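Here are a few exercises to work through with the model open in your viewer. Try each one before you read its solution.

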Amino acid sequence: MRRRLPLPIVVLAALGAVLVVLPVVALAVRAPWGRFLETLTGPGARTALRLSLEVSVTATVLSVVFGVPLAWVLARARFRGRSILRAMVVLPVVLPPVVAGVGLLAALGRRGLFGGWLDRTLGIQLTFTTAGAIVAATFVSMPLVILAAEAGFRATDVRYEQAAAVLGARPGYAWRRVVLPMVAPQLAAGAALAWARALGEFGATITFAGNLQGRTQTIPLAVFQRLQTDPEGAIALSMVLVIVSIAVLVALRHRITGGAA
Amino acid sequence: MKRLAILALASVLIAGCSSSAGGSGRSTTELTVFAASSLVAAFTQLGADFQDVHPDVKVVFNFGSSTDLANQISSEGTADVFASASGSAMDVVAKEPGVRDRADFATNHLVIITPSDNPAHVVSLDSLTSPMAIVIGAEGVPVGDYTRQMLDAQGIEHAVLTNVVSNEPDDASIVAKVQSGEVDAGIVYTSDIPITAGDLHAVEIPARFNITATYPIAVVTGSEHPSEAHAFLKFVLGDHGQVVLDSHGFGPPPG
């Protein structure tokens, strides 16, 4: 039986939906669709798209590789300063991206706290390189994986992990067969959001890694630059980003809503 | 010292505002000025000085890349005055929604900046063709277009662009990247230097190689405060305005 929805809730929901959907619809209306294919296949756009995919996928993988163990530590281990650590690792979500970029420069730049050592002893320079763009994207997107995975760990009973250990499972085996499968839905959701965040990253990237075609100029940076000379082309290029993002988010919708939809 | 002066000025202004509000109950006019980001220091000072002379006007600035600002004004038309770092950005606004009293008020030149220890030993434009990390303005941003124009005239555009590690959105971010020592050199306007001279080394570019950036200012058609906007224009073009602009590294308008 269909349930009647309370009117005030429906009105608020509709307003919320309009606020979020309207700018994207407006972009689609303004986009020069006649030039769309030409824009998409132009050399600058193709390079930027390829780089965007490379950077965002790598950043997502790194976010999972480092973020999941960190989330597990935050959920399971008891140690001094845990709540401070949790606040710190989630900070990039609320930090203005430009500030994140300045922080990355201060830490990993050529004259940064740690970057000077990296450069002198290992010959690794992150600023103005694709690796730097990946670091910037990872910095802003890993918290989303951590938040999702930690919620997952907290929602699952620690006794499953203990039982696996008691039954003689080695840590590696227990992680593969018990720990990870239990948080898989939350993890997939977190990874999808992290990927989306990495794909749209602008401020930290341009501040830390700069803006150079083929090296650090991802789609958002290319959109920004094209806005200076060709606003219509910029809109066409941003539609590429919108379409790719919607495609992936729709494909992952079951994961993101935790399998309820 | 400078900070103290600003603080003192600010407190005087605040005191001035509250006393005038309490005294006569006179309403203040908000004058919105869109200005190129290279004008931040000069116009912030001019705005404060203008308010001293016109206590009933509050000058509100929106600083940004001239091209971005021009596009914003064309689509939103929320500015009373537009001060641009290039004629072409002003042309955009002149077309839509239109401008009045357009006049050139300053000129600017390009200069090479390096970190204070000049790690790549830059002494001239030609030095920039040796291997090093350089940042310049992005294409379409006035400082970036002027830079390319100048390099092209010297026949070294390709060689220098090979060393460019980033095309920056505005002069302030070029200065910031050079200041931080992340790159060996950058090209900005001379007006970007005095504010931050401490940790920067400037390498001047001789006039015969340099280009002249001319800054136009105008009242935007549709401004709700045309007389205040016109007064601000006259203030910038007047003696005091020119002295302040000069102290911030700008040259006089051409002609």
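**Exercise 1.** How many residues does the contact take from chain B, and how many from chain A? Then break down the side of chain B by element and by residue class.

*Solution.* Keep in mind that this is a predicted model. Start with the head count: chain B puts in 16 residues and chain A puts in 15, with C-beta atoms within 7 Å as the cut-off for a contact. Next, look for elements of chain B that give two or more residues to this side; these are H3 and E6. Of the elements, E6(B) gives the most, with four residues. Finally, sort the chain B side by class: six nonpolar, seven polar and three charged.

**Exercise 2.** Which strands of chain B are joined to E5(B) by bridges, and what stands opposite Val135(B)?

*Solution.* Take E6(B) to begin with: strand E5 (residues 134-137) and strand E6 (residues 164-168) run parallel, joined by four bridges. Here Val135(B) faces Ser166(B). Now go to strand E7 (residues 185-189) of chain B, which is also parallel to E5(B) and is linked to it by two bridges. In E7(B), Val135(B) has Gly186(B) as its bridge partner.

**Exercise 3.** Where do the two domains of chain B lie, and which elements of domain 1 touch domain 2?

*Solution.* Set the bounds: the assignment gives domain 1 as 2-107 + 214-247 and domain 2 as 108-204. Twelve residues of domain 1 are in contact with twelve of domain 2. On the domain 1 side, helix H3 (66-76) and strand E4 (99-115) each give two or more residues. That side divides into five nonpolar, seven polar and no charged residues.

Methods:
Residues are numbered from 1 along each chain as its sequence is written. Chains are lettered from A and ligands numbered from 1 in the order in which they are written. This is a predicted model: local features need pLDDT of at least 70, side-chain atom pairs count only at pLDDT 80 or more; totals for chains, interfaces and linings use all residues. Two strands pair if DSSP finds at least two bridges between them. Domain bounds come from an automatic or database domain assignment. Two residues are in contact if their C-beta atoms, placed from the backbone, lie within 7 Å. Ala, Val, Leu, Ile, Met, Phe, Trp, Tyr, Cys and Pro count as nonpolar, Asp, Glu, Lys and Arg as charged, and the others, Gly among them, as polar.
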